[in-house]
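Let's take a walk through this one, starting with the overall fold and ending with a handful of individual residues. Have the viewer ready and follow along.

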Amino acid sequence: MTDRPFGLVIRAIIKDSENNTLILKRAPDSRSNPRCWELPGGKVEPGESFDQAMIREIKEETNLNISLRRAVGIAQQDLPHIHSVHVIMTVDVDSGDLKISDEHTEYRWASLEEIKSLILSNWFESFLQEKDI
């Protein structure tokens, strides 16, 4: 038995027309991964479907309306209060103008090489070691 619960987190790989990936920088007062770059997404709430959670989180964090395409990987992050299991999916942007939430201080469209040079959330760093987005 584990000393902490497991929580499901969904993350989206959103690409632009030049094949760059959208990444967000977490706010300095964030409970987890402050000032780190990561993919947009968040927790699946109790009673919420996976699809609903992804659509809601991406809308809240980026103001974009999306459609889910496919799962491309998972990563786990062990935090003091929870084991977060991140499911990473590719998505299509259907509409919306990019505007980030207060949870983040910056956004960037970046190549894989640029992303790897930044300070990343540890789950994102471990995911990138296994996959090429």
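How many helices and strands does the protein chain have? There are three helices and seven strands, and keep in mind that we're looking at a predicted model. Reading along the sequence, the elements come in the pattern β-β-β-β-α-β-β-β-α-α.

**Overall shape and surface**

What radius of gyration does the protein chain have? The value is 14 Å, and a compact globule with 133 residues would have one near 14 Å, so the two agree. If you'd like box dimensions, the C-alpha trace spans about 45 × 35 × 30 Å along its principal axes.

Buried residues account for 47% of the 133 residues. The accessible surface of the chain is about 7300 Å², and carbon and sulfur atoms own 47% of that area. On the electrostatics side, the chain carries 16 positive and 23 negative charges, and the mean positions of these two sets are 2 Å apart.

The contacts reach a long way along the sequence, too. Take the contacts between residues at least 6 apart in sequence: 66% of them join residues at least 24 apart.

**Two cores**

Which residues have the most contacts inside the largest nonpolar core? They are Ile23, Ile88, Phe124 and Phe127, in a core of 16 residues. Strand S5 (65-78), helix H2 (112-116) and helix H3 (122-130) are the elements that each give two or more residues to this core. H3 provides the largest share, four residues. Apart from this core lies another one with 14 residues, including Ile14, Leu22, Ala53 and Leu64.

Ile88 is worth a closer look. Skipping neighbours within four places in sequence, its contacts include a run from Arg70 to Ile74 made up of Arg70, Ala71, Val72, Gly73 and Ile74, with Ala75 on the list as well. Ile88 also touches Arg11, Ile13 and Leu39, plus Trp123 and Phe127.

Over in helix H2 you'll find Ile115. Is Ile115 buried or exposed? With a relative accessible area of 0%, Ile115 is buried. From Ile115 to Leu128 the C-alpha distance is 9.2 Å, with their positions 13 residues apart in sequence.

**Some residues to click on**

Start with the loop between strand S2 (21-26) and strand S3 (37-38), where Asn33 sits. Most residues other than glycine have a negative phi. Asn33 isn't a glycine, yet its phi is positive, at about 55°. Arg35 is found in the loop between S2 and S3 as well, and here again a non-glycine residue has a positive phi, this time about 65°. As for accessibility, Asn33 is buried at 11%, whereas Arg35 counts as exposed at 52%.

Next up is Asn20, in the loop between strand S1 (6-13) and S2. Why does Asn20 count as buried? Its relative accessible area is 14%, and buried means under 20%. Not counting residues up to four places away in sequence, Asn20 touches Ile14, Lys15, Trp109, Ala110 and Ser111. Lys43 is another matter: its C-alpha is 24 Å from that of Asn20, with the two 23 residues apart in sequence.

Val93 belongs to strand S6 (residues 83-95). Beyond its neighbours within four places in sequence, Val93 is in contact with Ile14, Leu64, Asn65 and Ile66. Val93 is partly exposed, with a relative accessible area of 39%.

Last comes Lys131, in the segment after H3. Lys131 is partly exposed as well, at 37% relative accessible area. Leaving out neighbours within four places in sequence, its contacts are Val72 and Gly73, two residues that also appear among the contacts of Ile88.

Here are some C-alpha pairs to check in the viewer:

| Pair | Separation in sequence | C-alpha distance |
|---|---|---|
| Val93 and Ser67 | 26 residues | 6.6 Å |
| Ile115 and Leu128 | 13 residues | 9.2 Å |
| Lys131 and Ile23 | 108 residues | 16 Å |
| Asn20 and Lys43 | 23 residues | 24 Å |

Key. Residues numbered from 1 in each chain as written. Predicted model: local features only at pLDDT ≥ 70, side-chain atom pairs only at ≥ 80, totals over all residues. Heavy atoms only, no water. Rg over C-alpha atoms; globule rule 2.2 N^0.38 Å. Buried < 20%, exposed > 50% of the residue type's maximum accessible area, 1.4 Å probe, protein only. Contact = heavy atoms within 4.5 Å. Areas by Shrake-Rupley, 256 points an atom, 1.4 Å probe, with all protein chains shown as cover. Lys, Arg positive; Asp, Glu negative; His and termini not counted. Charge placed at Lys NZ, Arg CZ, Asp CG, Glu CD. Core = buried A, V, L, I, M, F, W, Y, C linked by side-chain atoms within 4.5 Å.
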